[in-house]
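Please look through the structure shown here slowly, with the sequence beside it, before reading on.

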Amino acid sequence: MKKYRLRLLIYLGLLVSIGAILSLSCFSTWKQIVANRKTKEELTSKYSELLENEESLEGEVVKLQDPEYVAKYAREKYLFTKDGELIIDMGKSEE
């Protein structure tokens, strides 16, 4: 009877040990899956932002190929003038 109980305890100990190892392994894998999903969501949103930015930059490239737009942009942004033009900088009002 003692051998039977001893054998039963050994098998039960092995079963519990194997169950604990499998549980820890599954938990670790599940934790990694959750982290990967979070990273995927962040990268997907960042990718969407980059696509929108790409579209606006492509539009800007098309505009900058027009010499009239480039001249107007340079006059507004960098205060370049045409011959005979006078620039009066009013400054930006701070409200």
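The paragraphs below go through the helices, some residues on them, and the surface patches.

This is a predicted model, in which local features need pLDDT of at least 70 and side-chain atom pairs count only at pLDDT 80 or more, while totals for chains, interfaces and linings use all residues. Residues are numbered from 1 along each chain as its sequence is written, and side-chain values use heavy atoms, with hydrogens and water left out.

Helix H1 covers residues 2-64, where helices are DSSP runs of H or I with at least four residues, numbered from the N terminus. Lys3 lies in helix H1, and Lys3 is called exposed because its relative accessible area is 67%; here exposed means over 50%, buried means under 20%, and partly exposed lies in between, with a 1.4 Å probe and protein chains only. Ile21 is also placed in helix H1, and since its relative accessibility is 58%, Ile21 counts as exposed. From the C-alpha of Ile21 to that of Leu43 the distance in space is 33 Å, with their positions 22 residues apart in sequence.

Helix H1 also carries Leu6, which belongs to a nonpolar surface patch together with Ile10, Tyr11, Leu14, Ile18 and Leu22, and the accessible area of these residues together is about 620 Å². Such areas come from the Shrake-Rupley method with a 1.4 Å probe, and for residues only the protein chains shown count as cover. An α-helix has 3.6 residues a turn, so residues three or four places apart point the same way.

A second patch is negative and is formed by Glu49, Glu52, Glu54, Glu55 and Glu58. Patches are made of residues with over 30% relative accessible area and no salt bridge, joining like charges within 9 Å and nonpolar side chains (Val, Leu, Ile, Met, Phe, Trp, Tyr) within 5 Å. A salt bridge is a side-chain nitrogen of Lys or Arg within 4 Å of a carboxyl oxygen of Asp or Glu. Glu55 is found in helix H1, and its 56% relative accessibility is why Glu55 counts as exposed.

Helix H2, residues 67-78, has 12 residues and reaches 16 Å from its first C-alpha to its last, close to the 16 Å expected at 1.5 Å a residue, the expected span being 1.5 Å times one less than the number of residues. Just after H2, Leu79 takes a positive phi of about 55°. Ile87 lies in the segment after H2, and Ile87 is partly exposed because its relative accessible area is 34%.

Conventions:
Lys and Arg count as positive and Asp and Glu as negative; His and the chain ends are not counted. The place of a charge is taken as NZ of Lys, CZ of Arg, CG of Asp or CD of Glu. Helices (H or I, at least four residues) and strands (E, at least two) are DSSP runs, numbered from the N terminus.
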